[in-house]
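This report describes a single protein chain, moving from a patch on its surface to its core and then to its overall dimensions. The sequence and the structure are shown first, and the description follows.

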Amino acid sequence: MTTKELVLGALLVAVAVILQASRLVLPLPPLLTTFIIGTLVNMMLVLCVRLNGFTSAVVLSLLLPIFAYVHGQLLLPMPIQVVALRNIFFAYFVVRMKN
C-alpha cells in the first residue's frame, strides 16, 4: 500500500466517522437519522472501494461499528461483528459490481 492510498484511506475513514457522528448533532427523529446516516455511511463504503480498493473498505467496515458503539448508536457490543461482516459483504458486492 502506497503512502497516497494510506492517506486517502485515512481521510475516507475520518469523513465516514464525522458523518456517523453527525447524528448526535442533527435535530431529526431517530428513524429518519438512521436512514440518512446509514445511506451516507454506505456511500462512504462505495467511495472507499472505488477510490482506494477493497482493503481500505475492509478497514473502514471494521472501524465504523466500533465508532458506532463508542457514540452510543449500538447499545450492546455483540452486534459489532454482525455490522462489520455486513459492511464487508457490501464492499465485496460493490467490488463484484464494479468488474
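In this predicted model, a nonpolar patch of about 410 Å² lies on the surface and is made by Val59, Leu63, Ile66, Tyr69 and Val70. Val70, one of the residues of that patch, is placed in helix H3, which covers residues 54–71. With a relative accessibility of 60%, Val70 counts as exposed, because the cut-off for that class is over 50%.

Beneath the description of the surface comes that of the interior. The largest nonpolar core has 15 residues, and those with the most contacts inside it are Ala16, Met44, Cys48, Val49, Ala57, Leu60 and Leu64. Two or more residues of this core are given by each of helix H1 (3–21), helix H2 (30–52), H3 and helix H4 (79–98), and the largest share, 6 residues, is that of H2. In soluble globular proteins, nonpolar side chains tend to be buried together. Once neighbours within four places in sequence are left aside, Ala16 is in contact with Met44, Leu60 and Leu64, each of which is also listed among the core residues with the most contacts.

Individual residues of helices H2 and H4 can be set beside these features. Which residues does Asn87 touch, leaving aside its neighbours within four places in sequence? Asn87, placed in helix H4, is in contact with Leu45, Ser61, Leu64 and Pro65 on that basis, and its relative accessibility of 6% means that it counts as buried. Leu85 also lies in helix H4, but with a relative accessible area of 58% Leu85 is exposed. The C-alpha atoms of Leu85 and Pro65 are 9.9 Å apart in space, while the two residues are 20 residues apart in sequence. Thr33, in helix H2, is buried, with a relative accessible area of 5%.

The relative accessible areas of the residues discussed here are collected below.

| Residue | Relative accessible area | Class |
|---|---|---|
| Val70 | 60% | exposed |
| Leu85 | 58% | exposed |
| Asn87 | 6% | buried |
| Thr33 | 5% | buried |

The loop between H3 and H4 contains Gln73. Apart from neighbours within four places in sequence, Gln73 is in contact with Gln20, Ala21, Arg23 and Ala68, whereas Thr33, with such neighbours likewise left aside, is in contact with Arg23, Leu26, Leu28 and Gly38. Arg23 thus appears in the contact lists of both Gln73 and Thr33, two residues that are 40 residues apart along the chain and whose C-alpha atoms are separated by 11 Å.

Taken as a whole, the protein has 4 helices and 0 strands, and its pattern along the sequence is α-α-α-α. Its C-alpha atoms fill a box of roughly 40 × 25 × 20 Å along the principal axes. The radius of gyration is 13 Å, which agrees with the value near 13 Å that a compact globule of 99 residues would have. Of the 99 residues, 28% are buried. Among contacts with a separation of 6 or more, 58% are between residues 24 or more positions apart. The accessible surface comes to about 6,300 Å², and 77% of that surface belongs to carbon and sulfur atoms.

Note on methods
Residues numbered from 1 in each chain as written. Predicted model: local features only at pLDDT ≥ 70, side-chain atom pairs only at ≥ 80, totals over all residues. Heavy atoms only, no water. Patch = residues over 30% accessible without salt bridge, like charges linked within 9 Å, V, L, I, M, F, W, Y side chains within 5 Å. Areas by Shrake-Rupley, 256 points an atom, 1.4 Å probe, with all protein chains shown as cover. Salt bridge = Lys/Arg side-chain N within 4 Å of Asp/Glu carboxyl O. Buried < 20%, exposed > 50% of the residue type's maximum accessible area, 1.4 Å probe, protein only. Core = buried A, V, L, I, M, F, W, Y, C linked by side-chain atoms within 4.5 Å. Contact = heavy atoms within 4.5 Å. Rg over C-alpha atoms; globule rule 2.2 N^0.38 Å.
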